[in-house]
Amino acid sequence: QRHTLAQALENEIQQELADLYMDKARFQVRFSKAKFNREGNEAVEFYISTNPGEDFKPLVKVASGGELSRLMLAIKSAFSRKEGKTSIVFDEVDTGVSGRVAQAIAAKIHKIGQNGQVLAISPLPQVIAAADFQFYMSDEHSTVSTVRLLNREERIEEIAKMLAGEDLTEAARQQAEQLLKR
């Protein structure tokens with residue numbers, strides 16, 4: 001039964017990776033004999049080949065920051081459907097990406113959020129703009145943080161800051177507004 005489920009998981013993650021512009025990557029679930037315990041007598045390990053012609057290597061030893069971020073999103077996305085989770089947290093799962101990949105990640109996270117609750121901590125304006133709600137977090141002390149729900153105008157300002165830094169321009173504000181409309 002594990003092997004059957006592993007094959008289905010491989011196929012699902014393969015599709016998730018294609019959605020995230022990693023269509024040439026290959027994912028495998030490998031089993032090896034292990035000492036019998038309450039979880040069975042096999043060890044399970046994830047392997048990946050990120051480029052055509054490249055050998056499969058253990059996931060823990062491969063992948064750049066951007067690839068690892070997308071792979072984790074693909075795995076969490078597949079698991080969230082299988083496990084029927086209603087809440088999932090993504091903590092900077094978009095690290096090391098930008099542009100069209102960032103937009104694909106934003107779309108994937110948004111899609112997951114249609115069937116449950118997603119809390120995404122992100123440095124990317126594309127991901128932030130795809131959210132239904134945006135919170136601003138500030139650290140007042142090392143052990144105290146304040147979290148505040150932003151209204152639409154505050155969202156535009158914060159996303160514009162993500163795009164342009166502290167010296168906001170009207171162009172940055174317009175771009176932020178376009179991201180929110182998308």
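In which helix is Ser 77 found? In this predicted model, Ser 77 belongs to helix H2, which covers residues 65-83. The report first sets out the fold as a whole and then returns to this residue and to several others.

**Overall architecture**

The secondary structure of the protein amounts to 6 helices and 7 strands, and read from the N terminus the elements follow the order α-β-β-β-α-β-α-β-α-β-β-α-α. The C-alpha trace spans about 60 × 40 × 30 Å along its principal axes. Of the 182 residues of the protein, 34% count as buried, while the accessible surface comes to about 11400 Å², with 50% of that area belonging to carbon and sulfur atoms. Among contacts between residues at least 6 apart in sequence, 47% join residues that are at least 24 apart.

**Ser 77 and the charged residues beside it**

Ser 77 has a relative accessible area of 1% and is therefore classed as buried, the cut-off being under 20%. When neighbours within four places in sequence are left aside, Ser 77 is in contact with Glu 16, Lys 108 and Ile 112. One of these partners, Lys 108, also meets the side chain of Asp 19 in a salt bridge, with a distance of 2.8 Å from N to O. That pair links distant parts of the chain, since Asp 19 lies in helix H1 (residues 2-19) and Lys 108 in helix H3, 89 residues apart. The two partners fall into separate accessibility classes: Asp 19 counts as partly exposed at 34% relative accessibility, whereas Lys 108 counts as buried at 6%.

**Salt bridges**

The structure holds 5 salt bridges, and the table lists some of them with the distance between N and O atoms and the relative accessible area of each partner.

| Salt bridge | N to O distance | Acidic partner | Basic partner |
|---|---|---|---|
| Asp 19 and Lys 108 | 2.8 Å | Asp 19, 34% | Lys 108, 6% |
| Glu 154 and Arg 148 | 2.8 Å | Glu 154, 27% | Arg 148, 40% |
| Glu 158 and Lys 161 | 3.4 Å | Glu 158, 19% | Lys 161, 29% |

In the pair formed by Glu 154 and Arg 148, Glu 154 is partly exposed, and Arg 148 is partly exposed as well. For the salt bridge between Glu 158 and Lys 161, the spacing along the chain is informative, because the two residues, being 3 apart in helix H5 (residues 152-164), are separated by about one helical turn. Glu 158 is buried with a relative accessible area of 19%, while Lys 161, with 29%, is partly exposed. Elsewhere, salt bridges that share partners join Glu 16, Asp 19 and Lys 108 into one network, and both Glu 16 and Lys 108 are in contact with Ser 77.

**A buried acid without a salt bridge**

Asp 94 is found in the loop between strand E4 (87-91) and helix H3 (99-113). This residue is buried yet has no salt bridge, and the nearest side chain of opposite charge, that of Arg 70, is 11 Å away. What Asp 94 does have is a polar contact of 2.3 Å between its side chain and that of Ser 122. Leaving aside neighbours within four places in sequence, the residues in contact with Asp 94 are Ser 69, Ile 105, Ser 122, Pro 123, Leu 124 and Val 127.

**Strand E5 and a nonpolar surface patch**

Ala 120 lies in strand E5, residues 117-121, and with a relative accessible area of 29% this residue is partly exposed. Beyond neighbours within four places in sequence, Ala 120 is in contact with Phe 90 and Ile 109. The C-alpha atoms of Ala 120 and Arg 38, which are 82 residues apart along the chain, are separated by 34 Å.

A nonpolar patch on the surface is formed by Phe 133, Phe 135, Met 137, Val 147 and Leu 149, which together have about 560 Å² of accessible area. Strand E6 (135-139) and strand E7 (145-149) each supply at least two residues of this patch. Val 147, one of the patch residues, is found in strand E7 and has a relative accessibility of 53%, so Val 147 counts as exposed, the class that begins over 50%.

How values were computed
Residues numbered from 1 in each chain as written. Predicted model: local features only at pLDDT ≥ 70, side-chain atom pairs only at ≥ 80, totals over all residues. Heavy atoms only, no water. Helix = DSSP H or I, 4+ residues; strand = E, 2+ residues; numbered from the N terminus. Buried < 20%, exposed > 50% of the residue type's maximum accessible area, 1.4 Å probe, protein only. Lys, Arg positive; Asp, Glu negative; His and termini not counted. Salt bridge = Lys/Arg side-chain N within 4 Å of Asp/Glu carboxyl O. Polar contact = N/O pair within 3.5 Å; in protein donor to acceptor, adjacent residues only side chain to side chain. Contact = heavy atoms within 4.5 Å. Patch = residues over 30% accessible without salt bridge, like charges linked within 9 Å, V, L, I, M, F, W, Y side chains within 5 Å. Areas by Shrake-Rupley, 256 points an atom, 1.4 Å probe, with all protein chains shown as cover.
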